[in-house]
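Biologist: Hi! Could you pull up the model so we can chat through it?
Modeller: Sure, here it comes.

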Amino acid sequence: MCGIAGRILNAPGKVGHDLVELMDAQEHRGADSTGFAVYGAPIETGYILRCMGFDKASMDADLSDFRDILMAHGSDFVGEPTIVSDAAKHYCVRMVVKDPGDIARWIGDADDMSHRFEVQSCGRSLEIIKDTGGSVGVADKHGVRDMIGTHGLGHARLATESSVLPNASHPFWARPFPDVAIVHNGQITDYYTWREKLQRQGYRFLTENDSELIAVWVSDQMKQGLTAEQALRKSITSIDGVFTYMLARPEGIGFAKDRFAMKPIVAIEENGELAAATEEQAVRRVFADECDVINYDGPSMMGIWGAGNRSLAA
Amino acid sequence: MSVIIEAGKRHIREVNQDIQAALAAGDEVTVTETLSRHNLGVGLPEQGDISFKGSVGYYCGGLNTGTKIDIERNAGWAVGEGMSDGHITVGGYAGMSCGAAMMGGTIHVKGNAGPRCGVAMKGGNIVVEGKIGYQSGFMAHRGKIIALGGAGESCADALWEGEVWVAGPVDSYGVDVKVIEPTAEEVAEVDKILDPLGLVDSSRDWRKMISGQRLWYFESRDASAWLMI
C-alpha cells in the first residue's frame, strides 16, 4: 500500500527530522524501503548528486569511470565525494559537481554505467536518499534527521510492481530534469505503454518501478508548455491506475489523485507551513495539537502548495 | 465510575485491553491523547459508554457489538466497519468507507463523510448531517444511508437491497440507480431513525435511491436465489 508524505517549512529548518517522523508513523504501510527527498539551500553553480553503486568492491573503479564521464562533459567533482557504506553490498555517494552543461546529454552518458553505478538525484537543492529498510534505520545510516531544508518528501514502500531493491525505492528523480522528485502510493496499470512512448522520445528508465514513469511524464508535460497545475490535472485522466502521488520542485509540492479515490492523503496547514501524508496519525507527529485536518478523500483531486510561504494555490 | 485512559504512544493492544477491562467493570470510559491513531476501540462488548477526545484513525469502533461510542472530532477510514450493534457518533468528518459492511446499529456523523460511505453494508443505519462522498452506498446489501447535506458523484452505485436517502443536491448517480419519491410511510420510518438524534425536519425534499436491478447479476441469474441476505 505504501505511505507518502510531504513537509514544507516557512524558512530553512529541520525538514529531515520532520520527514523521518512522518515516515516513522507510517512504517506499517511498507517497510521494504524508505526514502526521502530534501530541498536544501540551493547552490549557485553546479549540481548536488546522490548516487548508488551496486557493489562496493568496485567502488574505486566506479568513481573513477564516473569522473571520466563528468570530465568529458566539462565537469568534475567539487571536493571529495562522501561515501555511505555498511554491511550491505551497495554503497551510496553524495557529491557536488561542476555544471556539465547539457544535463540530458551528460546523464545519457552517465546512465551507460547504470548497471553498476546510478545517479539517483541531480539538482541545485534536491537530494534523494533512499535505501532498503524502515525509516529509522535509513535515517540513522544516512543522517537524514540532520538535513536542513525548506521542504521535502518521504516514502515508505510496500513493493508490489517491482523488486525490493535499494534503487527501486522512492523517491524517484525525474531524470533528466534537475530538482524534480516524486513519491507515489498506488499502481499505474498502463505504465509500460507510457514508458515506451517516452523512451521513443529519448527518456531513460532505470528500474521496473511504475512510479519512475510519473515524474518523467509530468516533467515532460511541463517541458511541452503546461503549467505544473495543468500537468498534474492532465495526469489524472491520462494515466491509468489507482494512485496518489506527490511531486516536488524547488517552488513547492503538488499532488494528484486518481479517478476512483482509492488512495488517501491528508494535510495540515498552519501559519504557512504544511505537513501532508497518507495517514492523519503521521501529520499529527508534526502538528501534535488538535487542529484542522484537510482530507483530500475525493476522486480526481489535485493541489499545489508553495514552499517558503509562497502561494502556488491551484 | 468514570475512567480516563490515555492512548498517546502506547501500544494500541494495551489501550484496547484497558478499555475492555474498564467497560467490563461497568465504568464509563474516556480516552485521551488519541492522536488519530488506528484501531482504537475495535471489538467492543455489548454494552458500555466510551468517549474518544480528539480525532481517531482507521477502524475506530470496528466490530462493535453494542457499545455507545462518541468520537469528539474526526474519524479516519472505516469507522464502525463490520459493527453489528451499538451507536457511534462522529463529531466531525468521517473518512472513507464509514460503516463498511456493517450489519446493525447506527453511525451518526455530524460533519461530512468520505467516499464509499456504507460500502457493502448489510444492515443498520448511517446518518450523515453533511454530504456523503464519491460512490457512497456502493453495493450496499441492506440498511439505510441517510445524508442530509447532499451526495457526491456516482451516488448509490450498484446497490443490492440497501437504500440511500439524500436531502440536498446529488452530484451524479451511480450505475443502476432508481430514484423514487418516498411514500409518507417510508419518510416516517426514516424520521424514526432521525428523531432520537434531534434531526427531524418535515420540510426536507427526499430522494430515495434503490437498485434498478438491471445489472448482470439481476438480469442473468435468478435474483432471489442470489440475494442470500
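Biologist: How many nonpolar, polar and charged residues are in the lining of the largest pocket?
Modeller: This is a predicted model, and in it the lining of the largest pocket has 6 charged, 5 polar and 4 nonpolar residues.

Biologist: Which residues lie nearest the centre of that largest pocket?
Modeller: Out of 15 lining residues, those nearest the centre are A25(A), Q281(A) and R285(A), along with K9(B) and R37(B).

Biologist: And which elements give two or more residues to the lining?
Modeller: Those are α1 (15-24) and α8 (280-286), both of chain A. The most comes from α8(A), with 3 residues.

Biologist: How much space lies in the largest pocket?
Modeller: About 430 Å³.

Biologist: Nice. Switching to rings now: how many aromatic pairs are there over all chains?
Modeller: The count comes to 13 aromatic pairs over all chains. Take Y91(A) and F117(A): their ring centres are 6.4 Å apart and their planes stand at 40°, so this pair is tilted.

Biologist: Why tilted, and not stacked or edge-to-face?
Modeller: Because stacked needs planes under 30 degrees apart and edge-to-face needs over 60, and the planes of Y91(A) and F117(A) are at 40°.

Biologist: Where do Y91(A) and F117(A) sit in the chain?
Modeller: Y91(A) is in strand β5 (residues 91-97) and F117(A) is in strand β6 (residues 117-123), both of chain A. They are 26 residues apart, so the pair links distant parts of the chain.

Biologist: Are those two buried or exposed?
Modeller: Y91(A) is buried, at a relative accessible area of 0%. F117(A) counts as buried too, because its relative accessibility is 1% and the cut-off is under 20%.

Biologist: Got a stacked pair to show me? What are its distance and angle?
Modeller: Try F255(A) and W305(A): the centres are 5.2 Å apart and the planes are at 25°, so they are stacked. F255(A) belongs to strand β12 (residues 252-257) of chain A and W305(A) to strand β16 (residues 302-306) of chain A, 50 residues apart. F255(A) and W305(A) are both buried.

Biologist: Back to Y91(A) for a sec. Which residues form one aromatic cluster with Y91(A)?
Modeller: F66(A), W106(A) and F117(A) form one aromatic cluster with Y91(A).

Biologist: Last topic, charges. What lies over the face of Y47(A), and what over the face of W194(A)?
Modeller: R124(A) lies over the face of Y47(A), 4.5 Å from the ring centre. Over the face of W194(A) lies K197(A), at 4.5 Å from the ring centre.

Notes: Residues numbered from 1 in each chain as written. Chains lettered and ligands numbered in written order. Predicted model: local features only at pLDDT ≥ 70, side-chain atom pairs only at ≥ 80, totals over all residues. Heavy atoms only, no water. Phe/Tyr/Trp six-rings, centres within 6.5 Å; stacked < 30°, edge-to-face > 60°. Helix = DSSP H or I, 4+ residues; strand = E, 2+ residues; numbered from the N terminus. Buried < 20%, exposed > 50% of the residue type's maximum accessible area, 1.4 Å probe, protein only. Lys NZ or Arg CZ within 6 Å of the ring centre and 35° of its normal. 1 Å grid on protein atoms, 1.4 Å probe; cavity = no way out; pocket = protein on both sides within 12 Å on 5 of 7 lines; lining within 4 Å. Points joined across faces, edges and corners; volume = space filled by probe spheres on them. Nonpolar A, V, L, I, M, F, W, Y, C, P; charged D, E, K, R; others polar.
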